[in-house]
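Trainee: Could you walk me through reading a ligand site and a cavity in a model? I'd like the general idea and then the actual case.

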Amino acid sequence: MVIGGGIAGPVTALALRRAGIEATVYEAYEGNADGVGGTMAIAPNGLDALDAVGAGELVAGLGQPITRTRVTDGAGRPIMGFDHLADLPPSRALWRDRLYRALHDHAAARGVPIVPGKRLVATAEDDGAVTATFADGGTARADILVGADGIHSTVRGLIDPAAPGPDRVPLLNLCGLSEYAPPNAHPTTTYFAFGRRGFLGYWVQPDGRTAWFANVPFADPVLAEKLRATTSGEWLTRLRGIYADDVPGRELMARGDPATVACLGWVDIMPRVPHWSRGRMVLVGDSVHAPSPSSGQGASLAAESGVQLARCLRDLPDVPAAFAAYEGMRRGRVEKVAARASKTNNSKTVGPAAITMMRLVMPLMSRLFMTPEKTIGFEHRHRIDFDAPVEAPALARAAR
Ligand SMILES: Cc1cc2nc3c(=O)[nH]c(=O)nc-3n(C[C@H](O)[C@H](O)[C@H](O)COP(=O)(O)OP(=O)(O)OC[C@H]3O[C@@H](n4cnc5c(N)ncnc54)[C@H](O)[C@@H]3O)c2cc1C
C-alpha cells in the first residue's frame, strides 16, 4: 500500500504495477486538488522517470517548455544566465493541480486504485505484513507500506520517532498570475530576480499572462494566524509594496490578478533523514528528500524515487535487501541536489550589498566555473533503465 496520493504516490503505485506488484494508494483528502498549490517544474530527469510509468509525454504536454534561465537584480540588470542542455528535452513549467489531476487520471486508467479520505494514523507489523489504521477507524493490510505522504509525513515518524521534521527557511512562498508580460521576456525562459526586498521568479505563459512565484523574507512566529486571516487581495497589496522599486516586479504586481494569488506558506526543506525504512515500511518523495523549491527538483526526484523503489522490490528477494538497495541508489543523489538548492535559498535572503556583489562577481564565476553541464548536468542527465536488473548491495548480501 502507498500512503499519500500527491505526486510520488501515484507514480510509485504505477511503477510497482509495472514491476508486477499490486498497489493501492490511500490519500488523506477527499478533494481533487483543483486550485491547490502553485507553479512547479518537471526537469528532464523527472520526465524520464515519468516515462517509466507511461506518463512522460502526458506531463510534458501539460507544461510549458523552458530552455533558458536568466538571473537579474531588482533593476532588471543581468547577473548570470545559462541555456539548458540542448541534447535533453526541455524542462516543463506547470501548475501543480494539473499535474496532480493528470497523474490521478493516468493511474485510474491503468487500474491503480486511489482511495480518498484515508488519513493514516498508525501502523502495526506482524509476520509478513503491515497493517495501517486510518483516522476514520478503517484498516488496510499489505506486504509493504510506502510512505509517500509529503514533507509533513506521518510514516517518517512511525519508522523513526526521532526522525527530524522539516527545516523552516524564513521565506514566505507566494504565487499567482499577472496580466503584464515584460516586453523583452522570452517565452521559453524562466527569470529569477533578486529584488531589493524579495526574490521573484517568473515566466510568460502561452496565453500572454505571466506566472510568478515570490519568496519574501518573513520570520513572524505568529504567521499561522496571520495566514488564515490574510486574503489574496491583501497579499497582493503587500507584494506591491515589497516589489515597488523593482523592474519588472513592480509592473507584474501592479497588474497581478488578485483571484490567482496564493500563499503556500513558509519554504520548508527536509534535512538528512537517518532512517529511510524500518521493517516493512519505507519512504519516497518529499517525506524523505524535499529539497528547496529553488531546486525545481522536488517532483522530479519524487518520481525517480518511486520508480527506483519499484525496481528494487521487483528484483531483490527480500524486503531488507530491496530497501537497502533503494536507499543506496538514492541517498547520495538526493542529498547532493538538496545541498545545491540550499545554496540558492541562502542567496535569497541576502541584502542589497550582497546582490550588488553577486552582479559583479557572478558573470565571471559563471564563465569560469558554472557551465550548464556543471550547474544542472548532474540533475538533468539522470536516466532510469527500468528493465535493467538491480543488484543486491554488498552489505545486504553479506547479511543473508
Ligand atoms: C497542497 C500542496 C501544494 C503544493 N504546492 C507546490 C507548489 O506550488 N510548487 C512546488 O514546487 N511544490 C508544491 N508542492 C510540493 C510538491 O508537490 C512536492 O514537492 C513534490 O511533488 C513531491 O511530491 P510528494 O508526493 O512526495 O508530496 P506531496 O505532493 O506533498 O503529496 C503528499 C500527499 O500525501 C497526503 N498525505 C499527507 N499525510 C497523509 C496521511 N497521514 N495519510 C494519507 N495521506 C497523507 C497529502 O494530502 C498529499 O496529497 C505542494 C504540495 C502540496 C501537498
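Mentor: We'll go through the ligand site, then the cavity, then two arginines. Keep in mind that this is a predicted model.

Trainee: Which residues around the ligand come nearest?

Mentor: Start with the shell, then pick out its innermost members. Here the shell has 29 residues, and the nearest are Ala8, Glu27, Gly38, Arg96 and Asp286.

Trainee: How do I read the polar contacts there?

Mentor: Look for pairs of N or O atoms within 3.5 Å, and note whether the protein side is backbone or side chain. Ala8 brings a backbone N or O atom to 2.7 Å from a ligand oxygen. Glu27 uses a polar side-chain atom instead, 2.7 Å from an oxygen atom of the ligand. At Thr39, a polar backbone atom sits 3.0 Å from a nitrogen atom of the ligand.

Trainee: And how much of the ligand's accessible area does the protein cover?

Mentor: Compare the ligand on its own with the ligand in place. On its own it has 920 Å² of accessible area, and the protein covers 81% of that.

Trainee: Which helix or strand supplies the largest share of the shell?

Mentor: Helix H10 does, with three residues. H10 spans 298–315, and both this helix and strand E3 (39–42) give the shell at least two residues each. Sorted by class, the shell holds 13 nonpolar, ten polar and six charged residues.

Trainee: Now the cavities. How many reach 30 Å³ or more?

Mentor: A cavity is space where the probe fits but cannot get out. The count here is one, and the largest cavity has a volume of about 40 Å³.

Trainee: What lines the largest cavity?

Mentor: The lining includes Gly74, Ala193, Phe194, Leu200, Tyr243 and Asp246. By class, that lining has six nonpolar, four polar and one charged residues.

Trainee: Last topic: is Arg240 buried, partly exposed or exposed?

Mentor: Buried means under 20% relative accessible area and exposed means over 50%. Arg240 has 34% relative accessibility, so it counts as partly exposed. It belongs to helix H7, residues 232–242. Its C-alpha is 9.0 Å from that of Gly256, 16 residues away along the chain.

Trainee: Where is Arg381 found, and why does it count as partly exposed?

Mentor: Arg381 is in the loop between helix H13 (372–380) and helix H14 (394–399). Its relative accessibility is 32%, which is why it counts as partly exposed. Sequence separation tells another story here: Arg381 and Leu85 are 296 residues apart, yet their C-alpha atoms are 9.0 Å apart in space.

Technical notes
Residues are numbered from 1 along each chain as its sequence is written. This is a predicted model: local features need pLDDT of at least 70, side-chain atom pairs count only at pLDDT 80 or more; totals for chains, interfaces and linings use all residues. Side-chain values use heavy atoms; hydrogens and water are left out. A residue is near a molecule or strand if one of its heavy atoms lies within 4 Å of it. A polar contact is a pair of N or O atoms within 3.5 Å; within protein, one must be able to donate a hydrogen and the other to accept it, and residues adjacent in sequence count only if both atoms are side-chain atoms. Accessible areas come from the Shrake-Rupley method with a 1.4 Å probe; for residues, only the protein chains shown count as cover. Helices (H or I, at least four residues) and strands (E, at least two) are DSSP runs, numbered from the N terminus. Ala, Val, Leu, Ile, Met, Phe, Trp, Tyr, Cys and Pro count as nonpolar, Asp, Glu, Lys and Arg as charged, and the others, Gly among them, as polar. On a 1 Å grid over the protein atoms alone, a cavity is a set of points where a 1.4 Å probe fits but cannot get out, and a pocket is an open set with protein on both sides within 12 Å along at least five of seven lines; lining residues have an atom within 4 Å of a point. Grid points are joined across faces, edges and corners, and a volume is the space filled by probe spheres set on the points. Buried means under 20% relative accessible area, exposed over 50%, partly exposed in between (1.4 Å probe, protein chains only).
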